[in-house]
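Let's walk through this protein together, beginning with its interior and working outward. Have the model open beside you as you read.

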Amino acid sequence: MTSLNVAIIGTKFMGKAHSNAWANAPRFFDMAATPVLKVACGRNQEELTAFAERWGWEDTETDWRAVIERDDVDIVDISVPTHMHREIAIAAAEAGKHIFCEKPFAITVEDARAMYEAAEAAGVVHFVNHNYRRVPAVRLAKRLIDEGKIG
């Protein structure tokens, strides 16, 4: 099976949630590729080291730009505050990295458009995380709404 090396930028609540998801996705889904938790990036090295040990990240880095430039990173998971998404996403696209971005995607339409255009120009896979859209209860609610039974 193919593996894809993941870098996560941001290690607070969403970084923890995404780390759990990357580690456990193969238990829930039949996947064409296995995610490898390659490098976690945060600002405080002591906290970052503890985060990496707890969640199984192989390496740490405090400079997100250095993470994006690594040859052993395929996917950049952007789990930082929204105002930081644009710069990181565009740099990741320009470096040829696939992009997984936490919601909300951008602060402005202009930011969202710039991020989208950079990813499209680079030919990388890019998406915004909507973490509950595939949960069975949410899918049932959507079906009931579509059928006019609720909503």
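A good place to begin is the largest nonpolar core, which has 23 residues; Ile9, Ile68, Val76, Ile78, Ile88 and Ile99 are the ones that touch the most other members. A nonpolar core here is a set of buried Ala, Val, Leu, Ile, Met, Phe, Trp, Tyr and Cys residues joined through side-chain atoms within 4.5 Å. Buried means under 20% relative accessible area, exposed means over 50%, and partly exposed lies in between, with a 1.4 Å probe and protein chains only. Two or more residues of this core come from each of these elements: strands E1 (2-9), E2 (33-41), E4 (75-78) and E5 (98-101), and helices H3 (64-69), H4 (85-94) and H5 (109-122). H4 gives the largest share, 5 residues. There is also a second, separate core of 11 residues, with Leu37, Leu48, Trp57 and Ile75 among them.

Before going further, a word on what you are looking at. This is a predicted model, in which local features need pLDDT of at least 70 and side-chain atom pairs count only at pLDDT 80 or more, while totals for chains, interfaces and linings use all residues. Residues are numbered from 1 along each chain as its sequence is written, and side-chain values use heavy atoms, with hydrogens and water left out.

Now look at Ile78. Leaving aside residues up to four places away in sequence, Ile78 touches Ile9, His85, Ile88, Ala89, Ile99, Phe100, Cys101 and Glu102, where a contact means heavy atoms within 4.5 Å. Three of those names lead us into H4, where His85, Ile88, Ala89, Ile90, Ala92 and Ala93 are buried. An α-helix has 3.6 residues a turn, so residues three or four places apart point the same way. The buried residues of H4 pack against E1, H3, E4, E5 and H5. Just after this helix, Gly96 takes a positive phi of about 80°.

How are the elements ordered? The protein has 6 helices and 6 strands, and along the sequence they follow the pattern β-α-β-α-β-α-β-α-β-α-β-α. Helices (H or I, at least four residues) and strands (E, at least two) are DSSP runs, numbered from the N terminus.

Strand E1 holds Ser3, which counts as partly exposed because its relative accessibility is 39%. Ser3 touches Thr34, Val36 and Asp74, not counting residues up to four places away in sequence. Asp74 is 71 residues from Ser3 along the chain, yet their C-alpha atoms are separated by 9.4 Å.

Next comes helix H1 (residues 13-28), home to Asn24 and to Ala21. Is Asn24 buried or exposed? At 17% relative accessibility, Asn24 counts as buried, whereas Ala21, at 42%, counts as partly exposed. Pro35 offers a reference point for both. From C-alpha to C-alpha, Asn24 and Pro35 are 9.4 Å apart, with their positions 11 residues apart in sequence; for Ala21 and Pro35 the values are 10.0 Å and 14 residues.

Finally, step back to the whole molecule. Its C-alpha trace spans about 50 × 35 × 30 Å along the principal axes. A compact globule of 151 residues would have a radius of gyration near 15 Å, and the 16 Å of this protein agrees with that; the radius is taken over C-alpha atoms, and the globule rule is 2.2 Å times the number of residues to the power 0.38. Of the 151 residues, 37% count as buried. Among contacts with a separation of 6 or more, 59% join residues 24 or more positions apart.
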